[in-house]
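Please brief me on this protein chain. I want the overall make-up, one helix pairing and two individual residues.

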Amino acid sequence: MNTAPGLQPGQAVFISYSSVDQRVAEDLAAVLDRTRVPYFLHKKDIDWGSHVTARVQEGLADCAAVIVIISPASLKSHWVPFEVGHAMGTGKLVLPFLVHPALDLPGYLADLHYATDLQQVEIHLRELNTRGIAPSADVTRFGPFSGQYIAYTRGQDGGSVLVEEVRCR
């Protein structure tokens, strides 16, 4: 399996999806948690009353790659093409995740190789970990704190030890 160029240790990904696909996005987020890749997810990273466009732009600016969930709903979304266009315009890595077998990728993604199930995504991300391209610490938790993702691991005394801080609003 070819690995995605451009994703380096500790860099976050932005999950682009239609709100109709919230469950798929949460399942994808669980894979990212298991493979120790920090991520921006609208539901988790945009607070009530926040300026959505500004937060999305900040999230895109702070992340190295965008995983775009391609579904019937995302093809009708106004946000998904905005997020993908912003990412492509700034040279971010775009990773399509096609969740419906009868769909074709939209024209602006047509020449990109895509994943079709979460197992493929997880295998790919674990391969990145094995090659040292993604975080390799035994991380027990990622969590938002003061505009950063904090990675902790268990210390020899059983307490939490800070492994890495990654800025991704």
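The briefing below goes from the whole chain to a helix pair and then to single residues.

This is a predicted model. The protein chain has six helices and seven strands. Of its 169 residues, 44% are buried.

**Overall make-up**

- Read from the N terminus, the elements follow the order β-α-β-α-α-β-α-α-β-α-β-β-β.
- The chain therefore opens with a strand and ends with three strands in a row, where strands are DSSP runs.
- Among contacts with a separation of 6 or more, 64% join residues 24 or more positions apart.
- The accessible surface of the protein chain is about 9000 Å².
- Carbon and sulfur atoms hold 52% of that surface.

**Helices α3 and α5**

- Helix α3 covers residues 52-62, and helix α5 covers residues 79-89.
- Their axes come within 10 Å and cross at roughly 40 degrees.
- That angle is neither under 35 degrees nor in the range 65 to 115, so α3 and α5 are oblique to each other.
- The crossing of α3 past α5 is right-handed.
- On the α3 side, the contact is made by Val 52, Thr 53, Val 56, Gln 57 and Leu 60.
- On the α5 side, Trp 79, Phe 82, Glu 83, His 86 and Ala 87 take part.
- By class, this contact has six nonpolar, three polar and one charged residues.

**Ser 74**

- Ser 74 sits in helix α4, which spans residues 72-76.
- Its relative accessibility is 2%. The cut-off for buried is under 20%, so Ser 74 counts as buried.
- Beyond its neighbours within four places in sequence, Ser 74 contacts Ser 18, Asp 21, Ile 69 and Val 80.
- One of these partners, Val 80, falls within the residue range 79-89 of α5.

**His 42**

- His 42 belongs to helix α2, residues 42-45.
- Is His 42 buried or partly exposed? With a relative accessible area of 38%, His 42 is partly exposed.
- Setting aside neighbours within four places in sequence, His 42 is in contact with Tyr 17 and Val 52.
- Val 52 also takes part in the contact of α3 with α5.
- His 42 and Ala 25 are 17 residues apart in sequence. In space, their C-alpha atoms are 9.6 Å apart.

Definitions and conventions. Residues are numbered from 1 along each chain as its sequence is written. This is a predicted model: local features need pLDDT of at least 70, side-chain atom pairs count only at pLDDT 80 or more; totals for chains, interfaces and linings use all residues. Side-chain values use heavy atoms; hydrogens and water are left out. Helices (H or I, at least four residues) and strands (E, at least two) are DSSP runs, numbered from the N terminus. Buried means under 20% relative accessible area, exposed over 50%, partly exposed in between (1.4 Å probe, protein chains only). Contact means heavy atoms within 4.5 Å. Accessible areas come from the Shrake-Rupley method with a 1.4 Å probe; for residues, only the protein chains shown count as cover. Axes are lines fitted to C-alpha atoms, for helices over the stretch in contact, and angles run from 0 to 180 degrees between N-to-C directions. Angles under 35 degrees count as roughly parallel, over 145 as roughly antiparallel, 65 to 115 as roughly perpendicular and the rest as oblique. A crossing is left-handed if the near helix is turned anticlockwise from the far one by less than a right angle, and right-handed if clockwise. Ala, Val, Leu, Ile, Met, Phe, Trp, Tyr, Cys and Pro count as nonpolar, Asp, Glu, Lys and Arg as charged, and the others, Gly among them, as polar.
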